Amino acid sequence: MNKLIKIPAVTLSLFCIFSCKTQHFETPEYGKNETEKVISIKKVTNFRTVGSIKNADGRTLKEGKFFRSAHLHKLKKKSFNDFEKFGIKEIIDLRNSKEIAQKPDQLPDGIIYKKYSAFEDEGDQLAQAKKLVLKGKVNASDADKRMIDFYREYVTENPETIKTIITEILESDHPVLYHCTAGKDRTGITTALILTILKFDKATIYNEYLLSNNFRKPLVEKRLMLANSLHFLYPKMDLKVLEKLSWVEKRYLDAAFGEIEKKYGSTDAYIQQVLGISEAKREEYIQKFTY
């Protein structure tokens, strides 16, 4: 039995050595983690609390109010106590219905679970895109454009859903954990909007956003190394596409804010007109979540 297992492995390794081209991957931009605590939750990636950072007026974001992460499909029962320890009472799932059906969150009893998707994958676009990638019909430039378009559309295509998500988080009287699949794009945009509402400066908002690269580094590097080793299985696939889809870039968040300014004139106008947050309500949130 052991021989049957070892032979294919050796064959695959030799085949890879003689047929695979080593791919050089770029080093992503990382954030400076000066305040956010590293929280290790088994089988959950990119899990962290957003807190202890200062806004433009010198006020500090209270720690333990906002939590963000990737999906909770593999959350272990042994980790349920951590949620109780952090005081997390509500989960907001930003994934679409298909993602949720494929990998539903595993949650402790008593947790309030809500799902709000501002992006519904009509026509199974993600699955179709995956097939095109494997066939080599999508290159790094295409992937980059798709990411830019996604960020632009996410903040403006379904404004009522974005409003609901932000309102749910800011109106909660207990700690909330919100997440998507990787915890970097939809979750990153949501966090950026919340920090903008609370009047944090651009550098601080972008730094918090880039921390997803720090927290996801082991996972992404392992994924890229594996894809590089097994490239012979899909020789037409551009591995740079996987790289583009694995990291976050400032340009992506630029695209979201740029679309907001293009369509509404300013982020302040977007906050008032789309999110329905008056200046008085905004000040109320600042007092609630900062000190």
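Q: What share of the contacts in the chain with a separation of 6 or more do residues 24 or more positions apart account for?
A: The model is predicted: local features need pLDDT of at least 70, side-chain atom pairs count only at pLDDT 80 or more, and totals for chains, interfaces and linings use all residues. Numbering runs from 1 along each chain as its sequence is written, and side-chain values use heavy atoms, leaving out hydrogens and water. Contact means heavy atoms within 4.5 Å. For contacts with a separation of 6 or more, the share from residues 24 or more positions apart is 74%.

Q: How many helices and strands does the secondary structure of the chain come to?
A: Helices (H or I, at least four residues) and strands (E, at least two) are DSSP runs, numbered from the N terminus. On that basis the chain has 12 helices and 5 strands.

Q: What percentage of the residues in the chain is buried?
A: Buried means under 20% relative accessible area, exposed over 50%, and partly exposed in between (1.4 Å probe, protein chains only). The chain has 291 residues, and the buried part is 48%.

Q: Is Glu90 buried or exposed?
A: Glu90 sits in strand E3 (residues 90-93). Beyond four places in sequence, Glu90 touches Ile112, Lys114, Glu168, Ser172, His174, Pro175, Val176 and Leu177. Its relative accessibility is 4%, so Glu90 counts as buried.

Q: Which residues is Glu243 in contact with, leaving aside its neighbours within four places in sequence?
A: Glu243 lies in helix H9. At 7% relative accessibility, Glu243 counts as buried. The C-alpha atoms of Glu243 and Ala140 are 8.3 Å apart, with their positions 103 residues apart along the chain. Outside its sequence neighbours, Glu243 contacts Phe25, Glu26 and Leu224.

Q: Why are H7 and H10 oblique to each other?
A: Axes are lines fitted to C-alpha atoms, for helices over the stretch in contact, and angles run from 0 to 180 degrees between N-to-C directions. Under 35 degrees counts as roughly parallel, over 145 as roughly antiparallel, 65 to 115 as roughly perpendicular and the rest as oblique. Helix H7 (residues 186-197) and helix H10 (residues 250-264) have axes 11 Å apart and pack at about 55 degrees. H7 and H10 are therefore oblique.

Q: Which residues of H7 and H10 make the contact?
A: The crossing of H7 and H10 is right-handed (near helix turned clockwise from the far one by less than a right angle; anticlockwise would be left-handed). From H7 come Ala192, Leu193 and Thr196, and from H10 come Leu253, Phe257 and Ile260.

Q: How many aromatic pairs does the count come to?
A: Rings of Phe, Tyr and Trp (its six-membered ring) pair if their centres lie within 6.5 Å; planes under 30 degrees apart count as stacked, over 60 as edge-to-face and the rest as tilted. The count is 13.

Q: How many residues apart are Tyr30 and Trp247?
A: Tyr30 and Trp247 form an edge-to-face pair, 6.2 Å centre to centre, with 85 degrees between the planes. Tyr30 is in the loop between helix H1 (2-19) and strand E1 (48-50), and Trp247 in the loop between helix H9 (239-246) and H10. Tyr30 is partly exposed at 28%, while Trp247 is buried at 6%. Along the chain, the separation is 217 residues.

Q: Which residues form one aromatic cluster?
A: Phe119 and Phe150 form an edge-to-face pair, 5.3 Å centre to centre, with 85 degrees between the planes. The cluster consists of Phe119, Phe150, Tyr151, Tyr154, Tyr209 and Tyr252.
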